[in-house]
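Me: I would like to go through some ring contacts. Please set each value against its definition.

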Amino acid sequence: MSHAKLQTSYIFKVSKKLQCLEILKAKMSETDYLKLSSIPNPKIHQFIAEAAKLCNPDKIFICSDSQEDISFVKAQAIATGEENPLATPGHTYHFDNPQDQGRDREVTKYLVPKWDSLNKNLNQIEREKGLAEIKELLRNSMKNRTMIVLFLSLGPLNSIFSIPCIECTDSWYVAHSAHLLYRPAFKMFQKNGTQNSIFKVLHSAGELNEKMVSINMDKKRIYIDYIEDTIYSVNTQYAGNSLGFKKLALRLAIRKADREGWLAEHMMLTGVYGPNNRKTYFAGAFPSACGKTSTAMIPGNTILGDDIAYLRNINGVCRAVNAEAGVFGIIKDINPIDDPLIWEAITSPNEVIFSNVLVKNGKPYWIGMGCDLPKDGINYSGYWYEGKLDEKGEEIPLSHKNARYTISLKALKNCDPELDNPMGVELGGIIYGCRDARAYVPVQQSFNWSHGVIAYGASLETETTFAIVEEEGKYEINLMSIQDFVSIPLGKYIRNHLEFGEKLKKPPIIFGVNYFLRDKATGEFVTSKLDKRVWIKWMELRVHNEVDAIKSPTGFIPNYEDLRKLFREVLNRNYTIEEYTKQFTIRVKENLAKINRVEKFYRENAPEAPQKLFEELEAQRKRLLKAKEEFGEYISPEKLSC
């Protein structure tokens, strides 16, 4: 480009920046105007100006990285009534609409232009039609309110993993939650203007009632414009729908990763200590309410992340970071016995937001907290008393089953010191956790990378849970625990995983876990909540090839003596051969049925699926049929070890 053209382009950009800033100036204080002016990217100014023109806020607050600004956001969340203080210093609570208690699949849609197409199983709407609809819902939605502008980073700052983000919202609760969950990045924006792709979110809570709760549930919409890397959300406050950088931005990150050759995953990250204080890092994909956070928070290990991880091949090594810096966790069943580290963090003076719990006398209560619970109090339904019914005649629980706590990871004693390492951590293992009452054993190791990706990841099957707004208890294939968020063809997503592993010098070992296997006769779970502490220690030893394993038709399973030793060391418990046999018997009939369901799903929903997927499924089928001929339909581990 000639010098004259460069000069013209520069003048145009400066002119555009000044034009947008002038539009915004009337709604900002001088301080906020100077903060925004310090960011040298006119596209950012344009996005904010267009958001302000559409939503018509009275004021615009530019939130920098300063503690003063961040404290102001929290104070405003309380002052407006979106949050209320609890007795413990730093603790607040927030209520969502009874119909806004989880991710809402029905109203979450991709905006798809006429020239493009996505998988038929993804909820979508024609782009121009969807933009017109949601912009009409957003029109004047911030009148008489303040638009808060947040500058954040997905992934550590100034890293190859970093994705710069901006969210405009009129919810102080959403803004407060964002500061607990993400890394403030205003200085990063100031430094370079982040000229690369930026994820953008425009959110409005919409009309609120006297309790400061969104009310127009029939007009709730969450639309994802992957063409412009922009998320629109309106008439909702539930963080999974309104905090655009949770699962909504994950959809955008998956497309970005597909273009650039890395992986954006619905995974926790944990550091597991082995012999001689060795630490091995694991990533793990579990559907909601299937044990992901509790696995990431196992006592004695470190937590690096509980929800979203980015994986890159760096010089042949698989390295990973937590896209987030906090936890938006399900609080149901959190108690001092099963989850002592989380319990300590959320019951001590810390900055914590509780959502959709019961509140009485300044204290939060929830289902499964391990103590006597009040018979009445205030919850998301208003004044609550034991036996209260909703409009359908169904009993309202003390707290919602998807009630949450929001806390910074650094408030946890076991937060891993590598949380903000711009190079991430090297992964030794990847875990795929299902919610399968019928077939898979509690823990097993894949034969190789492709077997793990297909047999444990792509074949992950689970029950739907209360974390999603729909009927519970249905079984569904949940590819890599990311099915709802895959914004590229499913087959391409699987192929990306296979190719990613092939390019690594030493790929992480892949494991499958299932904490929800039930006894066929009694229907009771065959494992306890604490057993996962043993499974992860066994996996750590297998990564370093320090214990042997038994080859079963579905993967390598533990030897009894190794588990007996680990149960004694980790849980100080006697582990019987009867428990072992019940847990690790291979259920041939149920596993064959699973293969049939998985194969049917991909033939119907992923015509572009790689042939390797069907080859791995067929190989597993043949191993099961061969074992059935030799040992019968239910094969105890003792038979396989002979």
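Reply: Here are the aromatic contacts, taken in turn. This is a predicted model: local features need pLDDT of at least 70, side-chain atom pairs count only at pLDDT 80 or more, and totals for chains, interfaces and linings use all residues. Residues are numbered from 1 along each chain as its sequence is written, and side-chain values use heavy atoms, without hydrogens and water.

Me: What makes two rings an aromatic pair, and how many are there?
Reply: Rings of Phe, Tyr and Trp (its six-membered ring) pair if their centres lie within 6.5 Å; planes under 30 degrees apart are stacked, over 60 edge-to-face, the rest tilted. The count comes to 27 aromatic pairs.

Me: Why is the pair of Phe-61 and Trp-172 called tilted?
Reply: The centres are 6.1 Å apart and the planes 45° apart. That angle falls between the two cut-offs, so the pair is tilted. Phe-61 is in strand 1 (residues 59-63) and Trp-172 in helix 6 (residues 172-181), 111 residues apart. Helices (H or I, at least four residues) and strands (E, at least two) are DSSP runs, numbered from the N terminus.

Me: Why does Phe-61 count as buried?
Reply: Buried means under 20% relative accessible area (1.4 Å probe, protein chains only), exposed over 50%, partly exposed in between. Phe-61 has 9% relative accessibility, so it counts as buried. Trp-172, at 6%, also counts as buried.

Me: What makes Phe-354 and Trp-366 stacked?
Reply: Their planes are 20° apart, and their centres 6.2 Å. The angle is under the stacking cut-off, so the pair is stacked. Phe-354 is buried, and so is Trp-366.
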